[in-house]
Amino acid sequence: MKTFQNLGLHVQIKHKVYDDFTILAMIRQNLGISILYQNALSDYDDLCLIPIQENLFRHVGIAYNNYDTLSYAGKTFLDFILKKTPEILKDKDSFHIIKI
């Protein structure tokens, strides 16, 4: 909503849905539009896709108290994120690792 407001666009929201498959099914039934990640649209060639030119972003954080007390899955996930995120976002200036 804030992005629409910043662009001076008025939207009339009648339904809020969070499941990608439900959103896409509703779009197919002409019940609205949505902003989705490109990855969610790989099997939907029949939809009209309009790329967004604006630089939209989302803050994502991972919080943990003590690395040593994390589960094996937690450590594996955190290690993967810390290793792969800089590679994925190598062209972005907005990636920062902050350890508290």
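Is Leu-24 buried or exposed? Leu-24 counts as buried, at 2% relative accessibility (buried means under 20% relative accessible area, exposed over 50%, partly exposed in between, with a 1.4 Å probe and protein chains only).

A word on the model: it is predicted, so local features need pLDDT of at least 70 and side-chain atom pairs count only at pLDDT 80 or more, while totals for chains, interfaces and linings use all residues. Residues are numbered from 1 along each chain as its sequence is written, and side-chain values use heavy atoms, with hydrogens and water left out.

**View 1. The whole protein is built from 3 helices and 0 strands.** Reading along the sequence gives α-α-α; helices (H or I, at least four residues) and strands (E, at least two) are DSSP runs, numbered from the N terminus. Buried residues make up just 9% of the 100 residues. About 9800 Å² is exposed, and carbon and sulfur atoms supply 54% of it (areas come from the Shrake-Rupley method with a 1.4 Å probe; for residues, only the protein chains shown count as cover). Of the contacts with a separation of 6 or more, 9% are between residues 24 or more positions apart, where contact means heavy atoms within 4.5 Å.

**View 2. Leu-24 sits in the largest nonpolar core.** Its partners there are Ile-23, Ile-27, Leu-41 and Leu-47, making 5 residues. Such a core is a set of buried Ala, Val, Leu, Ile, Met, Phe, Trp, Tyr and Cys residues joined through side-chain atoms within 4.5 Å. Leu-24 lies in helix H2, and its C-alpha is 9.2 Å from that of Ala-40, 16 residues apart in sequence. Leaving out residues up to four places away in sequence, Ile-27 touches Gly-32, Ile-33, Ser-34 and Leu-47.

**View 3. Asn-30 has a positive phi.** The angle is about 60°, although Asn-30 is not a glycine. Most residues other than glycine have a negative phi. Look for Asn-30 in the loop between H2 and H3; with a relative accessible area of 71%, this residue is exposed.

**View 4. Ile-62, Tyr-64, Tyr-67 and Phe-77 form a nonpolar patch on the surface.** Together they have about 360 Å² of accessible area. Patches are made of residues with over 30% relative accessible area and no salt bridge, joining like charges within 9 Å and nonpolar side chains (Val, Leu, Ile, Met, Phe, Trp, Tyr) within 5 Å; a salt bridge is a side-chain nitrogen of Lys or Arg within 4 Å of a carboxyl oxygen of Asp or Glu. Tyr-67 is in the loop between helix H2 (20–28) and helix H3 (72–88), and counts as partly exposed at 30% relative accessibility.
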